[in-house]
Amino acid sequence: MGGTTAARQEAIRHTQNELLYRGVKYSAAGSLLAAAVAVYVFAPLTTPSVAVWIWFVCIYTVYLTRVVDCRLFTRSTSRHEQVDYWASRFNTGALASAVIWASSMWLIYPQADLAHQVLLVLTLGGVAGGALASLPYDSKLSNIFQLLILSSVLLRLIVDGSQFALELALFSCFVFGFLLSCGKEVGKNYLDLLRLRQDSQETNLTLIRTTEQMAQLGYWQWDLESESVEMSSHLAQMLGFDQRQVNIQDYFSCVHADDRLKVENAWTHVIKTGEDSHVEFRAVDSQSDKLRNIRQIMKLISDSEGHNSLLGALQDITDIKTAEQKIYSMAYYDELTGLANRAQFHERIDAEISRATRLNKRFAIIYIDLDDFKGVNDSYGHQCGDNYLKHFSNYLKVNIKESGICARLGGDEFCILITDIEDHSYAEQAALQCLNYCQQVVQLGNHRIHPKLSIGVALFPDHGSVGDELIKCADLAMYAIKQSGKRSYAIYNTHMASENRERVRLEADLRQALVNNEFELWYQPKIDIQTNSMMGVEALIRWRHPEKGLIPPDLFISTAERVAMIKEIGEWVFIHACSQLQQWNNQGLKLSMAVNISGDHFAADDFSEFILTTIEQHQLRHADLEIEITESLSRNPEEHSATCHQLRSHGVRIAIDDFGTGYSSLSVLSDLEVDTLKVDKSFIDSIVTDPAAQLMVQTIIDLSLGLGYAVVAEGVETADQLEILRQRHCPYVQGYLFSRPVQAAHIPAFALADWSSQQAA
Ligand code: C2E
Ligand code: MG
Ligand code: MG
């Protein structure tokens, strides 16, 4: 870690320069004072006296030059880089000082005055000693300085040649020898100190840089007396500057124009009050124009000399902001559609309730459900289902955005908040606007969907005063219109709430029905119209409610699916159907049994195993059992064909119930893993009057027979319908014309009956 050895040495030498130049003013002051005293003392003793003045001018010139040099050094912005240059300038100055002091032995030496000779030698010894203090960071320089003076002293004293001068020379050797050795030692210690300081600075800087990079931190310092801001290298890099020292205006230009006032106010506040200040702003990278989010803390600091600087520590919080925005978006927006989610919608309603209450306004909640969304999902897969949801969301965004807030509450349920309405007609207009979506055919990949919506409307304050209550009312209104089978909208009324209570009660009763053994199986014959015999029955469930009497399956199967009871009920039906078939087999009746299975039950993991085990437990032939599933299930091959395949491989038959009402096209008939198609009653209803229905039925029969499927026409009620089916070679029929579903006791007689007489009725 840290810089290279060469870089460190360069840094140490720069510090040496700094310290040496810092000492110049003190050594100049001391030297010039000493020179003035020397002139005062030695001028009367020197001949010619002009030599003193020449020496005096020289020493002043040298020291004043050095002081100027020192000023130039401190002002130089490139002194970090020009270490050698400034070092040699300093050395030249220092050596010039040494030479000028050394020349004093020649220019102001008092030839005849022994006492003043000692005084002069002592003064020079003092100057050489002073070099110890002013040049301690460069022992070489200080030694040369001292040697120059010493050699001049010695030479002059030897030239003098007197006994006293030679003794003084000897004495000087001791003093200067001592100073030289001290200088060496002091220099070494100081250099070690500098190295230590540099090393620890480097280590700290490396630590700071690493921390800066990891935490995306940076700092700057603005000396308030200057225009220049010095910043950490990581901050310079973050803001796109090539250098660490920039003009304050350049630094300020990095602040996004819209945030400048805020940042300026924060600066002013810190400078005026001395209090710390926090500010967040956007910074623009001066090179790439990239925007960053910055959090900055500023402090006013003063150095030991009373200079004020503004210190700023800042952190790049772009990632934090992005994450915050993502979290916000996840918490408040629906990921799939980009609409508001349930949480946001509730908050918006709460805010709207406060506003509407204060201003005495009215608003509406519109609750939308995509009818048969499950069918689309089951038939075309979840990807297509997702695209359908997105398509509808986009319609809402384009058509409703102006007048309200749209949200997806989950699944296929959407809500809209329409504000500031006078009366319900405004909400009705919005509901009609939503219903307009159904005017189009939605093309999603290869699939075409005819959208259908059920919409409920609730008004504030008319139908509720809190958000949950209003959504519940709109939901109930939506449910009511869905139940009515009309693809329209309904405005909430109290009657809907009582119907809902009824529904809740039904759910509770349904949970008890299995325990209390309240279900019954009724059977409807399936007739072979060529042999006029009953070839089998379809088991149809009924619920004998203790208070309400016999309830048909249409009124509780969907509830059982919703409250996740359908698997239990389905298993109950299949076990009882098998047990009944076993009894009839034991009576010698050869019949097949068709059982309706709901999609959720069919999709259960253990479904095939349950069916096969139950059949075996009742010692039945697999081929006598037929599972009726709905068309949408059969159209999701990935999920269900494995189950169909497993059951069929054991001989269990699979029938598609209500064929023609789902999403299959006739072209897929050949791929189905099934044995029987049951043509939906709606086609049979119109087969006499509607040529299109006739053609449809004929096509289904022809194709099915051609592909080897059995065909059953459901809901045959009239002899005319039967006649047409017979002409179209439909082999099997089922309907009130022959028999309504009946209790098990009637079946043995039916099995032996000739059904041709029925056809004439
Ligand atoms: P589905 O499987 O299509 O059964 C035929 C329905 O049409 C039966 O109604 C039957 O009574 C009725 N039907 C038969 N012929 C005629 C006719 O000529 N005219 C008229 N108007 N109706 C006729 P049901 O028993 O009320 O059953 C209704 C639906 O409930 C069934 O339709 C089936 O989808 C479902 N269902 C019945 N039992 C079960 C069951 O055990 N499990 C499941 N999951 N669903 C069942
Ligand atoms: Mg059926
Ligand atoms: Mg049916």
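## Reading the two magnesium sites and the ligand 1 pocket

A nitrogen atom of ligand 1 sits 3.2 Å from a polar backbone atom of Ile541. Keep in mind that this is a predicted model.

Me: Okay, that's a backbone atom. Which side chains make polar pairs with ligand 1?

Reply: Look for N or O atoms within 3.5 Å of each other. Here, a polar side-chain atom of Arg542 is 2.8 Å from an oxygen atom of ligand 1. Glu714 joins in too, with a side-chain N or O atom 3.0 Å from an oxygen atom of the ligand. Taken by itself, ligand 1 has 790 Å² of accessible area, and the protein covers 82% of that.

Me: How many residues are around ligand 1, and which come nearest?

Reply: There are 22 of them, and the nearest are Arg542, Asn596, Asp657, Glu717 and Tyr736. By character, the shell splits into nine charged, eight nonpolar and five polar residues.

Me: Which strand gives the largest share of that shell?

Reply: That's S15, with four residues. S15 and S19 each put at least two residues into the shell.

Me: Now the metals. Which residues hold the magnesium ion called ligand 2?

Reply: For a metal site, you list the donor atoms within 2.8 Å of the ion. For ligand 2, the protein donors are Glu538 (OE), Asn596 (OD1), Glu628 (OE) and Asp657 (OD), at 2.1 to 2.2 Å. Along the chain, they follow the spacing E-x57-N-x31-E-x28-D. Glu538 belongs to strand S15 (residues 533–545) and Asp657 to strand S19 (residues 653–659), so this pair ties together parts that lie 119 residues apart in sequence.

Me: Are Glu538 and Asp657 buried or exposed?

Reply: The cut-off for buried is under 20% relative accessible area. Glu538 comes in at 3%, so call that one buried. Asp657, at 8%, counts as buried as well.

Me: What coordinates the other magnesium ion, ligand 3?

Reply: Asp657 (OD), Asp658 (OD) and Glu714, which is listed twice through OE, at 2.0 to 2.5 Å. The sequence spacing of these donor residues reads D-D-x55-E. Asp657 is in strand S19, while Glu714 is in the loop between strand S21 (710–713) and helix H25 (719–727), so the pair links parts 57 residues apart in sequence. Asp657 and Glu714 are both buried.

Me: Which residue coordinates both ions, and how far apart are the ions?

Reply: Asp657 bridges ligand 2 and ligand 3, and the two magnesium ions are 4.1 Å apart.

Me: Let's try a charged side chain elsewhere. Where is Arg292, and what is its side chain joined to?

Reply: Start with the element, then the burial, then the partners. Arg292 is in strand S5 (residues 291–302). With a relative accessible area of 13%, Arg292 is buried. Its side chain makes a 2.6 Å polar contact with the side chain of Asp316. Beyond its neighbours within four places in sequence, Arg292 is in contact with several residues, including Gln216, Met238, Phe281 and Thr318.

Me: And a nonpolar one? What is Val121 in contact with?

Reply: Same routine. Val121 lies in helix H4 (residues 114–134) and, at 5% relative accessibility, counts as buried. Setting aside neighbours within four places in sequence, Val121 touches Met105, Val153, Leu157, Leu168 and Ser172. You can also compare chain and space: Val121 and Ser104 are 17 residues apart in sequence, with their C-alpha atoms 9.8 Å apart.

Terms used
Residues numbered from 1 in each chain as written. Chains lettered and ligands numbered in written order. Predicted model: local features only at pLDDT ≥ 70, side-chain atom pairs only at ≥ 80, totals over all residues. Heavy atoms only, no water. Donors = N, O, S within 2.8 Å, 3.2 Å for Na, K, Ca; no water. Buried < 20%, exposed > 50% of the residue type's maximum accessible area, 1.4 Å probe, protein only. Near = heavy atom within 4 Å. Polar contact = N/O pair within 3.5 Å; in protein donor to acceptor, adjacent residues only side chain to side chain. Areas by Shrake-Rupley, 256 points an atom, 1.4 Å probe, with all protein chains shown as cover. Nonpolar A, V, L, I, M, F, W, Y, C, P; charged D, E, K, R; others polar. Contact = heavy atoms within 4.5 Å.
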